[in-house]
Amino acid sequence: MFRVLRDLLRYDGRFRFAFILLAAVVVMILLSFVSPYDPNKTFVVAMDAPPSLEHLFGTSSRGQDIFWWLTFAVRNSLIMGVITAAISRVIAIIVGLTAGYQGGWLDKVMMSVNDSFVILPLLPILILLGFLLRDQMNLFLLGVILGLFGWPYDARLIRSQVLSLKERSFTRTAVYSGTNGFWITINEHLPFVLPIVFATTINNLLWSLGMEVTLSVLGLSDLTTPSIGTALFWANQHGALVAGVWWWIAAPALVAIILFLGLYLFFASINEYIDPRTRLRLMGG
Amino acid sequence: MRKFILRYLIPRILQTLTIIFVGITVTFIIPRLSPTDPVEAQISMMMARGETLDPQSIASMRAALTDLYGLSGGPVQQYFAFWGRLLRGDLGPSLANFPTPVSEMIGQAMPYTLSLLITAVIISWIFGNLFGALSSYYPKNRVLSVIEVLGQAVRPIPYYIVALVLLVVFAFFIPIFPFSGAYPIGTKPNWSLEFIWTFLQHAALPAATLVLVGFGGWFIGMKSLTSNIISEDYVVYAETAGLKENKILRNYIMRNALLPQLTGLAMSLGTVFSGALIMEVVFGFPGLGSLTMVAVYRNDYSMIMGIAIYSIIGVAAAVFLIDLIYPLFDPRVRYQ
Amino acid sequence: MALLSVQNLCAYYRTEIYGISRTVRAVDGVSFDLFQNEVYGVAGESSCGKTTLIKVISGNIKPPLKVNSGNVNYHFGAYDVDILHISQDELRRNVRWKEISYVMQGSMSVLNPVRKIIKTFEDIVDTHERIPDKKKFLEQVREHVNRLGLPTEVLDSYPHQLSGGMRQRVAIALATMFHPSLIIADEPTTALDVVVQRGVLQMIKDIQALSDNTVLLVTHDMAVHANVADRVMIMYAGRIAEEAPTDSIFNTPLHPYTQHLIRSLPKIGERSTKASLRGAPPNLANPPSGCRFHVRCPYVMDVCRTEVPDLVPVRENHRVACHLVKETSL
């Protein structure tokens, strides 16, 4: 694992860039634990102050230091993302493995439903949900809900992998030698399935974080908890752009861009490194 | 022909119906699972607005609302009643704009969303795929590499943030595009050239956002797809036979790569649609997105419900359309 | 005069990625001649360099493949071609398909799945010659495929509608459109059942007899060589081990590797067990010193480990690269 990172750091410029971005994000998260300001208190500093040495990202119309507020935002958003990732991984694995191994009509029915979820426009449905659960909504609940909707794409990927594994000779050998089906899955197949799960986690993270931003901006999540989306929501509420407090919008947007770009490039580089076909392509010339 | 209908058409129709069925059922179940009782919420909101109602009126109001929301009777009864109303095209009245029916308001907003969506999707799909394929076939080209970097940079960013950036840039720094609404306040929509021109100006930014984000995605997907196809036997054969480069690109590589990309397009419609909704919110474009936003603010439950249902059916229908087009491109499906 | 003269050809694959560079010496010092009107077989196990050799001979040299040294010269009647230094344009215009054509390995999938067969014909012909009269062209193609035993309906179909054997024949038909001087057939019978194999081989023999051209047939299947080839060349680890007329190869193989190949062929009525060579095919990124076969050779001598044996003629038309043979024939 470390050799992968070392090779990538040394030879892949894109990876180095991503690494820097993510390091910045991690720093922000760690800083949230030593924040001098409590994110739940408003009007603790001068309002609408532009960025300066004292307030790195300036202050908001609610009298909060934007930089320190955002450290909490990043932390919370990521925690939510991890919750979604965890739940949807579990569901995706269960669905993918079951459909792949069982085959037959169960597989067909499951995949039909699966594809429905892939195609359905989730935002209107999530808006409906968000609207109804407004009062109870918090980041944790949002994470769970997103987890319940974020599995179908990956379930299908896992299922294809299982299908191809079933046909391979080493599986037949195991079956003929009398190994119990469950152990075949765990011992022989999981090493092939897990890399896919790993690779799809990042996509899932990107998606769920994006959804969080979108839903919060619409006002459909817990607006007192700092998150990247709620930052933007509050900025809009106070008409930041119109009032000329542009840093209130720019800062969360900037942080969001760093986070998303960093995550995406990081895992794109790793995937390219691991996939032998891209290696072949990179070697040509 | 019969085989084609049996093996391809019927499963596709079934799949579309399943999508609609699953989607509508989910939309049906969600409100009934939530702890909020929309009827009570509505009544308390009305009371908060300062309307005084005596207990009798409240009771009849409650009965009317329950019926309106389709909450009368047991769950199974409700479900069938739900479908019944749907099939009749009745989505109920908008609560914020009582008694305008939801379907009417959706009908008004629809053309805006559709025009935005269709243009953006087609442009980003065509150009994303084109440049992705070129970038894969000419890997040393500088211009294409730059485009690739830009595409990769924009792709993971959520629509909302890209919209925000564009908004800030074009509203504050380079004010050439109007950044709100679809036409100046006070103008009545009509088919005059003048109107169409202002409309295009207003639609430019939301469309641009959609195109930018979509472009990156198609570019990268197409690039990796093309690299795989380049090493396929029939391409190597064509090269060995000495076929000219653009002939190979056009007829051998692209024609084959477009097939999975077409399927991908169908799969992505739901996401793009969601993106379009957000675009409208940011840029104040009077389509379904803005309608949703307003509905959320004004607690217009039936509107939100209606939009959800409408989106599901709309996207499923669009996917089915693509399913119908696909055999035109893939002879393997046409002739079994 | 020889149709093709290959001298001391060295072609390597050079890769450099994530800080690791590797050179695979796929073809390392190969010299041979091809003459008019013969079927020349190239035999050897997987990754012995046969496919690389073919790529270089047909001018299909793309990175990471690079020709290190050597000459590949063609004499097509009055037209001489140095394939290593010819421009891509001229290659496409005058050489490919007109003088040298190709029947690929896995002809199952060489046809574009979204184009009708006749369109593929058009594509290929159009590249080398303008088609003035569409109707006449169609007639010519129809005649051509009929002569090869294919029904005319084939032209109007898509590849997935044809069987594997038919697709292989279409590939052969495509390769012979311009009656080229050299047809390179790379594993034309792999993945076909024996009945279809026979048909394809017969087709190749007929074409060669009809047009008096040369066929370079590459396959690991010795039975195919026995059936069709006039001369056979045995490749091992990027070098030629032995080259002789088919009869000599099968009746009096001189190189230990060839001997083993021949001995491993089953004969009807035989009931003995076949011994396998010890060891595994060499890693061409790090080949053994001296004679590359020495690691697995049952008759290995000290000199084999250090000195590379030259390919020398020991009899008329019969060349071997082995220290053992050199010694005994002295």
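The largest nonpolar core here has 235 residues, and those with the most contacts inside it are A:L70, B:A163, B:I253, B:I304 and C:L216. A nonpolar core means a set of buried Ala, Val, Leu, Ile, Met, Phe, Trp, Tyr and Cys residues joined through C-beta atoms within 7 Å. Buried, in turn, asks for 20 or more other C-beta atoms within 10 Å of the residue's own, while exposed is 12 or fewer and partly exposed is in between, with C-beta atoms placed from the backbone. Helix 10 of chain B (residues 245-283) gives this core its largest share, 18 residues. Apart from the big one lies another core, of nine residues, among them A:V95, A:A99, A:I158 and A:V162.

Before going on, some housekeeping. This is a predicted model, where local features need pLDDT of at least 70 and side-chain atom pairs count only at pLDDT 80 or more, though totals for chains, interfaces and linings use all residues. Residues are numbered from 1 along each chain as its sequence is written, and chains are lettered from A and ligands numbered from 1 in the order in which they are written. Helices (H or I, at least four residues) and strands (E, at least two) are DSSP runs, numbered from the N terminus.

**The helix pair in chain B**

Helix 10 of chain B has a partner to look at: its axis and that of helix 5 of chain B (residues 102-137) come within 8 Å and cross at roughly 140°. Axes are lines fitted to C-alpha atoms, for helices over the stretch in contact, and angles run from 0 to 180 degrees between N-to-C directions. The crossing is right-handed, meaning that the near helix is turned clockwise from the far one by less than a right angle (anticlockwise would be left-handed). From helix 5 of chain B the contact includes B:L117, B:V121 and B:W125, and from helix 10 of chain B it includes B:I253, B:A257 and B:F273. Contact here means C-beta atoms, placed from the backbone, within 7 Å. By class, this contact has 15 nonpolar, three polar and one charged residues. In that scheme Ala, Val, Leu, Ile, Met, Phe, Trp, Tyr, Cys and Pro are nonpolar, Asp, Glu, Lys and Arg are charged, and the others, Gly among them, are polar.

**Where the chains meet**

Chain B touches both of the other chains named here. With chain A, the contact takes 38 residues from chain A and 41 residues from chain B. Helix 9 (181-217) and helix 12 (246-274) are among the elements of chain A that give two or more residues to that side. The contact with chain C takes 22 residues from chain C and 17 residues from chain B. On the chain C side, helix 3 (residues 117-128) provides the largest share, four residues. The classes for the two sides facing chain B are as follows.

| Side touching chain B | Nonpolar | Polar | Charged |
|---|---|---|---|
| Chain A | 29 residues | six residues | three residues |
| Chain C | nine residues | nine residues | four residues |

**Sheets in chain C**

Eight strands of chain C form an open sheet in the order 6-7-8-3-9-10-12-11, with mixed pairing. Two strands pair if DSSP finds at least two bridges between them. Strand 6 (100-103) and strand 11 (312-315) of chain C each have a single partner strand, so one side of each is left without a neighbour in the sheet. The twist averages 25° from one strand to the next. Strand 3 (residues 39-43) and strand 9 (residues 231-236) of chain C run parallel, joined by four bridges, and C:A43 stands opposite C:I234. Helix 1 of chain C (residues 50-57) packs on the sheet, touching strands 3, 7, 8 and 9 of chain C, and its direction makes about 150° with that of strand 7 of chain C. As for C:L216, one of the best-connected core residues, its contacts beyond four places in sequence are C:L34, C:Y40, C:V42, C:L182, C:I184 and C:A185.

Elsewhere in chain C, eight bridges join strand 1 (residues 4-17) to strand 4, running antiparallel, with C:V6 partnered by C:V72. Strand 4 (residues 65-76) also runs antiparallel to strand 5 (residues 79-82) of chain C, through four bridges. C:F76 stands opposite C:Y79 there, and C:G77, in the two-residue hairpin connection, takes a positive phi near 65°.

**Two exposed spots**

C:Q88 lies in helix 2 of chain C (residues 88-95) and counts as exposed because it has 10 C-beta neighbours inside 10 Å. C:G279 sits in the loop between helix 9 (256-263) and helix 10 (302-306) of chain C. With 12 C-beta neighbours inside 10 Å, C:G279 counts as exposed too, yet it touches C:V295 and C:R296, not counting residues up to four places away in sequence.
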